[in-house]
Each structure stands twice: as C-alpha cells, then as structure tokens.
Amino acid sequence: MAKPDLTQRLSNSSTISHWAMAVLSVAVAVVVAELITRLLNAEAIASSMLCAVIFAAWAGGRGPALLAVTLALLAFHYYLAPPTSSFAWKPDLFTAGISEAPRLILFSVVSLVVAFLISAQRRATQDLQRSSHHLHAAMVDQKRIEAALLHSEMYLTEAQRLSGTGSFAWKVASGEITWSDQTYRVFGCDRATKPTVEFIVQRAHPEDRAAVQETIERAAIDRNDYDHEFRLLMPDGSVKHVHAVARAARDYSDSVEFIGAVTDVTVAREADRKLRRSEAYLAETQHLSHTSSWVWDVRRRKWAYRSPEVYHLFGFDPVKGPVPLQAFRDRIHPEDRRPNVEAASRAIRQKADFEVNFRIILPDGSIRYVHSVGHPVVGDDGEVAELVGTHIDITEQRLAKEALEKAFDEIKKSEDRLRLVIDTIPTLVWRAGPDGVPDFLNQPALDYTGLSLDQAETGWPRAFHPDDKKGMLVKWSAIRASGRPGELEARLRRFDGEYRWFLFRAEPLRDELGNIVKWYGSSTDIEDRKRAEEELRRSEAKLVEAQRVSQTGSFVRNVATGEYIGSKEFFRILGYDQPRSATFEMVLQRAHPEDRALVEQAIDRASRYGSDLDYEHRLLMPDGSVKYVHVVAHAVRDRADQLEFIGAVVDVTATKQAEEKLHKAQTELAHVTRVTTLGELTASIAHEVNQPLAAAVANAEACLRWLDRETPDLVAARRSVEWVINDSCRASEVIRRVRALAKKSDIEKMPLDVNDVVREAIVLVQRELSSQFISLRTELAPSLPMILGDRVQLQQVIINLVMNGIEAMQPITDRQRELVIRSGEDETRRVHVSVTDCGVGISAEIANRLFNAFFTTKSSGMGMGLSICRSIVEAHEGRLSASPNEGPGATFQFVLPSQLEEAS
Amino acid sequence: VTERPKPSREPVGAHEPIVFIVEDDESMRRALSNLFQSVGLEVQVFGSASEMLQGGLPDVASCLVLDIRLPGLSGLDFQAELAKANIHIPIIFMTGHGDIPMSVRAMKGGAVDFLTKPFRDQDMLDAVTVAIERDRKRRETDKIVANLQTHFETLTPREREILALVSSGLMNKQIAAELGLAEITVKIHRGHIMKKMSAKSLADLLRKAETLGIRRAKP
C-alpha cells in the first residue's frame, strides 16, 4: 500500500503545479498571441488560447483547463472587446452586434469541449496507469504468498508427521472429506483410499464405533465444533488411540465445513495407562504390605510427599484433603514422639539410614504398631535435602506374635495343668501294659504307696493287703481276660504301712485292630465308704437296741396285703413272740375293745386317702394289763406304686401314767392354792355371808313389828318374810360357792358363759376390793360364745388375778385405785378375759419369771398362784399372758377357745 | 332411789323426821327401810353417798344410817365431807366387821353410834331415835339463833357497838365515857336495843348476845 500513498501524495503536490501550468500556459498563449499579432499581424490569439486550454487540460485536468478557459476569456475580453486592452466592464459587448461575440462564444464552447474531452482522456489514462500499477503489486504479493504457502505447507506436513497429527476437512453438505498425508497415515491407508465417514466409522475400534458414529452424526446435525477420542482397529490388529478435534466453518453459502485435526495419541495413552497401572500397583502393594512411603523435605521442614497409605495408616482419609502436620503428630503415641524426632534428627546429622518403631493411637483408641525406615538423600550442597522412607504397619505381625506367644504360653500352662490335675487328683491313676504290669503311676499313687516307678513295676502286688492279694490278682486276670472294663476292691498299703480300702477301676485302650494296647486305671479311696458301711451295720444294731430301750417299734404296713412287717420291738409291744410279720387282724386284736372302733376307723381312713397316721390308743394284753401306745405313720408309695405306711409304735404307758400323776398333782396343787386364796378372802367371804344374814335378821325383826302392830300389817309382814327367805338363800349361795372352791374335785368341763364366771368370782372379791378402797369396773361384752371349761378353776384364775391386782394397788395412794375386768372375743371367736390394775406394774426383770412356780414378790405368798393359773388356762387350751399398761399398772389376760372352735 | 312406804301409815308431814340410809347392798337397804318403816319412820335410801348428795336434804329432823364400806367414797370419808360442807346430820355407822380404829374415827367425827352387822333391831332403832332427837334439838337451837340474828340485823351500828360493850359487862357510865357520849344517850340506845332484841331483862339480853357470840370487838 505504500505505493498508492506515494502516488496520492505526488498527485496532491502536482495539483498546484497543474493550476500554475494552466495560468502559465494562458500567459504563454497571451505572449505568443501578442508576438504573432505584432509580428505577423495576424490574429492568432484564439488558436494560442485554445492551445493553452488544451495544454492546461492535458497537463492539469479539468480544473486547470477551466481556469485556462476563464483566463483565456479574460484575455479575449482584454484584448478583443472594445475598448481593448482594458479589463473594465464593456457593456456594449453583447448589446451591439459585435463580431467578436460569436467568436468568443465559439471559442468558449470549443475550449470547454476540448477541456472536458482532454481532461476525461487524461483521467482515463491515469486510471489505466494506476490499475496497471496495482496489478503489478498484486502479482508481486501473489508470488510472495505462494512462496510462504509452500513453506508453510512443508512445515505443516512435517509438523503433522512429527506430531502424529493429521488434518482434515469435511464438507458436510457434499460429504467430501479431505485428508492430509498424516491423516492417511493415522488411518493406515494410502492416498488412493477415498476418505468417507463410513470408512472412518468402519476403521474405528468396534467398541468405540457407536460413539464415533454418534459424534459425527451429531456434529453433522448440530454443526458445532466437536472433540472426541477413540480407538482405531488397524488391519494388522493393532489399536491406535486417536484424538479428533474439529471446528465448524461456514462459507458464503452457509454450508458447513468441518476443519480439524486427528492426533495419534496411542503412545501418550499407553504411557498414561502404564503410569496409572504402575501407580495402582504401587498403591496396592503399599496397601497390601501395609507399607507407605513418604518424603520429608529437610530444608523446608515439611512433607514433600506422603503416599495415600500414610493417611490410611494414621486413620485419615486422603480424599478429604490435606491433613495438618500437627494432626499426624498427635496421633503418635506420646511416648514415641520424642524418640521419632530424635531418630530423624540423628539420621540427618549423621547422613545415615534410620529405623524406628512407634505406635499410633487411633481415635477409636486402637493402637497401631509402625516400623519406619528412613534414608537421607544428600543434595548438591552436601547437606541432607530429603528423608525418604517408608512406614510399615506391623500391628498384625505384632498382634500375631503376641497371640502366638500367648498360645505357646497357654499350651505350656495347659500342659502344666494337665500334669497338675493328674498329679493332684485325689485318685491314684495308673497305666498298665496288656500283661497287667503298671508302667505309669501318677504322683498321688507314688506318694501313697511310697514306691518309686521302678519298684512299682515289679513289686506292685506286694502293696496289697496280704489277705486281699490273691483275690485281687485273680480278679485282675479275669478283667484282662475279658478285655472289658472292670473293677475290684482291695486294701492297699500306704507308705506308712496303713491299709486302706480302694476301688480299682480299669479301662482298656485298643489299637485300630482291636488289640489291647494299654490298661488305664484309677484307684479311689473308699475307706470312708467301707467305714460308713460298717457304721451302718453297727447303727442298725444300735437302732434295734434303741427301739428296745425307748419302747418304740417300727413297722411297714402294706395296705394291699394288710401285712405288717415290724421290728423286734414292734412285736414285743404287741406281745407277739417275734414273728416275721403280722396280719392286720393280729394288730387289731390287741387294741382295747373300747378303742378298737377308733383304731379301725383311723386306719381305714388313712388307707383310703393315703394320709398320715397319728393317734393314741390302748392295748389290752392277754394278761389283762393295759398299755397305751402312740402310733405315728407316714404314707408312702412303694416301687410298685402300692400304698405303704412306714411308722412307729411307741409304748407310752409310762408316759401316760406319769402324765396322770402330774395331772393329779396339779389338781391337788390348784386345790391347795384355791383354799389358800379362800383363806385370804375370809374377811370378804364373812362379809358376804354376813350381809344377807344381817338383812334377814332386820327383815325378820321388821316382820315381828308389822305383826305386833295394833292392826297387824300382814302384807308388810309377808313381804318381810319373803325377803328373809331371799336373804337367807343368798347367804347359803355364797357358802355353797365357797364350798365349791374349797372342794377337792376333778376338772368338770361344761359349756359356760365366761361373763357368768366373772360375775360369780366378783362376788367373792367385792368386799376385798371395797375394803382396799378399790373401785371395780366391769366391761363385759354381751353375747359371747360359750366356752367349754371348769367353772371353779376359771373362777380361781379370775380371783387370783383380781387378788394380784388388789395387791399391786396397795401401795398406791396418789391416784384412784381402779380395777377393770373386761371380757370379749377376737376375730377367731376366741374368748378373752382381762384384769387390768393401775398398781405398781410389772418390771421387765420379773416379767419372764412371772409364771414360774415359787416365784413371788409377796412376803407371804407361795409363788404358786400365777403358775397354777397358767396351768389351768393351758389345760383349757388357752393362753395366759401379762403385759404392762400404757399408763401405770399391768394387765393379765387369758384367752380361751370358744366351744364352737373346740368342736371344729 | 327413794322408796316410799307403801303400807298404811300416818300421812307424812313436813315435820316428820326422815331416816336416810346409804348402803350399797340392796337387800340390806331393803331390810333397813323395812325395819324403819315398821316403826313408822320415814325412810329415804341411797346406793351411794353421791346419790344422796344429789337429792339435797329437806329441812326436817333427820339422821343418816351409813355403811362404812361403800363403793367410791367410803362412809368415813362421806362423814368428813358432810362436816366440811357444814351439814350437821347425825350419823349412825354400820359395818360388816368393824374394827376399833374405824369406830374410833367414826365416833370422833361425831357419829351417834357404830353398829356391827348383824345388829339387834332395837339397837338400831334406839340409835336412830337418839339421832333424830339430837337433830331436832340442834335444829331448834339453830332456829333461835337465826331468830336472834334477825333481830340483831335491825340494830344500828351505834347500837351494835353499845350492845357489844354491854355484853362485856360495862356500866352505862363506862360506855358513855368509852364512846364519848352522854350517859343519857347510852340509856336511850340500850332501851332501843332491848326493844329490838325483844329482851325481857338485861340478863335475857346478855344471854342472847352470848348466843349470838357478840363480844367487844377490841379490848
């Protein structure tokens, strides 16, 4: 473009000269015209002017030409128009028919036409020149470009060849594909092959074919750039990885052409694959071997590299991003941190390899054992630049080792234990050959016999009791001959010479052929059992003796057969001369006729219901004497599920007699006590008798007076006599009661209302109470159930309790003396009577001796009162108790079963 | 419990003496009232001392037949109680078997008699008669004193003063000197006193004054 610029500039600079040339040419024309005119005297002005215009037009173009025309007209005006030689306005120029005017007009037209024509011709010439110039320049450029293109194509081809990249162009509309050489090479075909989409697809690896097809088709539709990688399956079977990139270019007709490159990336892919595989191998190897590698940058004091396994080892997830150095440190067992650092420092200092073991504590508390090996890498400056090393997880080895050690330990222990068991079991263990000679004895066996193993092998029979030796040997031979497990009992000598009974058991051990290889045996000390057996024999003998002495006979009665099998004593009690067994009839025959029904009934009931037996009855012996027996039997089922009674018959005659004597003595005592009490009550009784007597006397006197009146009042007299009778009856009643108490009589139980008993007793003590200024309160529950008892004895109890109460209140002066007698019944229909005083009470120390015989707090007492009371109450199957009151004093209470209860 | 006599007897007037019986034994109570009624005495019987006190006592000559042994308050204690309450009823004690200390105590307490059961009816009746007589006399005395008291109430303070001095045996002149009065004034007062006390003579006045226990207040 430099050239056109220059031309322009030149043309610009020449424009002025064009104008100047126009002026000059006009001037020259004027001069020439002048000269010609002057010299030739011809008017040559028009032609010279025209020449000037032509020149101006030729040289300067249209503008200068017009200027020249104008100037020529001026010159005409100056020279030709009259007045000539003046530039002033000449008005008559056009008005008068001047000859000059047509000339002038003609000149003007001609000159203008000439000026236009010449200037047009000039421009055309100039244009032509310019385009020729341009053409030339274009040709030069063309040449240069062609050269450059040539170069570039060469480079491209070379580059394509070197980079394995081929280019291609694909006109989608026409389906025309252009390939570079390299592309042909990539696809493994020569230029003769016509590249088509089908060919490309067909050449693609079968696995990638679909993808390639799809990519291309989509590109054809979308008309967008695409970039894909696929494999080619070459005719020779090799596989190529290619990477195709294409850009869509649109031409003027809006048809799309893809221009792209295909690069053979097989090598890169292969290398990449190999690298990845090798990395995977390494990771896997590290993982499998629990080995991880690391690089420590010594100068920068940071990890240059840590394999993922390092993260795993420390319990981190490498995927989750970097873990700070401190976190790693924290995971190391505190005790191992310092040694680690020291080992590393030493390695750096000494430029030597190092090995260190340390532990890692994981967040879950588990411990990993790590063996770490490091190697220093010396840099260019001779200093250690890096430490390269591995961590090896030796936890499993370590645990395995520990487990192994433990297992060894266990085995050792269990061996020891077994040994210990064999040597400590309190059984003698031995082993013998098929010939019966022992070849092993455990420690207890050796200890017991005091033999050494050598001695035992030859002299073992001597360890047996001389009396048992022969029998033992015979039996042992028999067991061996039978080839079956067997046992025998014999006495074995202890090291100190004492013989003890042993149970020998032997068990054969056979090989696979069934031959006996060994006999294993144990010997158990059964001395105690033997002794127990002896004891049993002795105790059985003792039992017989004991039965005889205690007069207890034992028996077993079979219900089905009715047969009695009894001990010696059983038959002796029944008065039979030692038969082996007795029948039911024989037993029943001995029963006292009065009791026979009872016995039969009891046995019958027990046999029917299988209930236990417990009853007493009398036996009438053939000599007429009477025996009391107590029979107790327990029902059992024998092996045949037959009902049996196992029991004992006790001859309780002596006991019965003693009981009766005791009872008699007690009755006696009760009587004595009663009489004593009556003695104490004399004054009261006297008063009690005196009172009705006095009343009787008074009434009798009054009767006399009623009769002695002038008019005897017979009604009053009669009434008086009636009262006399009443009073006398009352006196005799008191005396009767006193006599009853004083009477020595056996217990006579009859249904009683306990309240009546209480009231009658009160009569006897009333005076005693009032003489002691004691007020009596009775709280007797109405309609109490009847009790079965002896009136006199129960009265004795009540009187006794009241007298005790009176006595207890004697020292009391500071409060009202009050005695309360209550009766009532409890929820079990038992009737109770209590006597409550407010006296001195019962101190804890005497409370438990209260009912003892001969215990008294009175100076004059015998100490029999409460003791007798208790035995009376107990004879009534009741209970007598004493308890201190809430306030002062004590309460004595006895409880008796009601008649209803008794009956049930 | 009050048993009114049923048989035909003279109607009981307000002035008929009453025998009170306190005895816890019913038959004894019955026998006693029978006995007293047979001689025409009015009888009121009680089971205990408190029963009797509840009823209140009529203002007639009466006596009390009391058993020594009673439930609650004993006979002797009842005697003491009555004395304390200023009730002067004569008491005859009965007992089943009396003892000496008991009878001494009873007699000291002012008992009329102490009878042991069974007693002779005559002894009891005699004792009751004596007791009723004693009570009647006491009642008469009491009545007189009460009468005198009424008269005495009518005296002016000056007259009472003079009566006290008279009863201590002072002459009119002495009294006048003592009280700083004229003798004549004293004489007039004495006249009034004699009239008000309805005394027939000086001796009578002095006796009455003595009965009332009037003495000179301060020597």
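**Exercise 1. Three strands and two turns**

Task: In β5(A), which residue is the bridge partner of A:Val245? Then follow the strands on either side of β4(A).

Solution:
- Step 1. The bridge partner of A:Val245 in β5(A) is A:Ala261. Keep in mind that you are looking at a predicted model.
- Step 2. This pair belongs to a run of antiparallel strands: β4(A) and β5(A), residues 256-264, are joined by 9 bridges.
- Step 3. Now look at the turn. The two strands make a hairpin with 5 residues between them, and A:Asp254 in that turn has a positive phi of about 60°.
- Step 4. Turn to β3(A) next. It pairs with β4(A), residues 239-250, in the antiparallel sense over 8 bridges, and A:Phe230 stands opposite A:Val242 in β4(A).
- Step 5. The hairpin of β3(A) and β4(A) also has 5 residues between its strands, and here A:Gly237 takes a positive phi near 95°.

**Exercise 2. A charged pair**

Task: Which residue forms a salt bridge with A:Glu229, and what parts of chain A does the pair tie together?

Solution:
- Step 1. Recall the general idea: side chains of opposite charge can pair when their charged atoms come close.
- Step 2. The partner of A:Glu229 is A:Arg269, with the closest N and O atoms 2.3 Å apart. The cut-off for a salt bridge is 4 Å, so the pair counts as one.
- Step 3. Place both residues. A:Glu229 sits in strand β3 (residues 226-233) of chain A and A:Arg269 in helix α9 (residues 266-288) of chain A, so the salt bridge ties together parts 40 residues apart in sequence.
- Step 4. For the wider picture, the structure holds 65 salt bridges over all chains.

**Exercise 3. Two open sheets**

Task: What is the strand order in each open sheet of 5 strands, and which strands stand at the edges?

Solution:
- Step 1. One sheet of chain A runs β7-β6-β10-β9-β8, with antiparallel pairing. Its edge strands are β7 (302-306) and β8 (354-361) of chain A, each pairing on one side only.
- Step 2. Neighbouring strands of this sheet are turned by 30° against each other on average, direction ignored.
- Step 3. Look inside the sheet: β6 (residues 291-297) and β10 (residues 384-393) of chain A pair in the antiparallel sense over 7 bridges. There, A:Trp294 stands opposite A:Gly389 in β10(A).
- Step 4. Add the helix. α12 (residues 334-350) of chain A packs on the sheet and touches β8, β9 (367-378) and β10 of chain A, its direction making about 155° with that of β8(A).
- Step 5. Another open sheet of chain A has the order β12-β11-β15-β14-β13, again with antiparallel pairing. β12 (438-441) and β13 (486-493) of chain A each have a single partner strand, so one side of each is left without a neighbour in the sheet.
- Step 6. In this sheet the twist averages 30° from one strand to the next. At one end, β11 (residues 428-432) of chain A pairs with β12(A) over 3 bridges in the antiparallel sense, and A:Ala432 stands opposite A:Pro438.
- Step 7. Helix α17 (residues 527-550) of chain A packs on this sheet, touching β13, β14 (499-510) and β15 (516-525) of chain A; its direction makes about 125° with that of β14(A).

**Exercise 4. Two helices that cross**

Task: At what angle do α21(A) and α23(A) cross, and which residues meet?

Solution:
- Step 1. The axes of α21 (residues 653-680) of chain A and α23(A) come within 8 Å and cross at roughly 145°.
- Step 2. From α21(A) come A:His671, A:Arg674, A:Val675 and A:Leu678; they meet A:Val738, A:Leu741 and A:Ala742 in α23(A).
- Step 3. Sorted by class, this contact has 5 nonpolar, 1 polar and 1 charged residues.

**Exercise 5. Where two chains touch**

Task: How many residues does each chain give to the contact, and what area is buried?

Solution:
- Step 1. Chain A gives 25 residues and chain B gives 27 residues.
- Step 2. About 2,300 Å² is buried between chain A and chain B, with 52% from carbon and sulfur atoms. In chain A, A:Gln691, A:Arg705 and A:Arg709 lose the most area to chain B, together 22% of what that side buries.
- Step 3. Between the chains there are 3 salt bridges. One of them joins B:Arg30 to A:Asp727, whose closest N and O atoms are 3.4 Å apart.
- Step 4. Across the interface, 13 residue pairs are in polar contact. On the chain A side, the elements giving two or more residues are α22 (682-708), α23 (714-742) and α24 (754-771), and α22(A) gives the most, with 13 residues.
- Step 5. The chain A side divides into 9 nonpolar, 8 polar and 8 charged residues.

How values were computed: Residues numbered from 1 in each chain as written. Chains lettered and ligands numbered in written order. Predicted model: local features only at pLDDT ≥ 70, side-chain atom pairs only at ≥ 80, totals over all residues. Heavy atoms only, no water. Contact = heavy atoms within 4.5 Å. Buried area = accessible area lost by both parts, 1.4 Å probe. Salt bridge = Lys/Arg side-chain N within 4 Å of Asp/Glu carboxyl O. Polar contact = N/O pair within 3.5 Å; in protein donor to acceptor, adjacent residues only side chain to side chain. Helix = DSSP H or I, 4+ residues; strand = E, 2+ residues; numbered from the N terminus. Nonpolar A, V, L, I, M, F, W, Y, C, P; charged D, E, K, R; others polar. Pairing = 2+ DSSP bridges. Axes fitted to C-alpha atoms, helices over the stretch in contact; angles between N-to-C directions.
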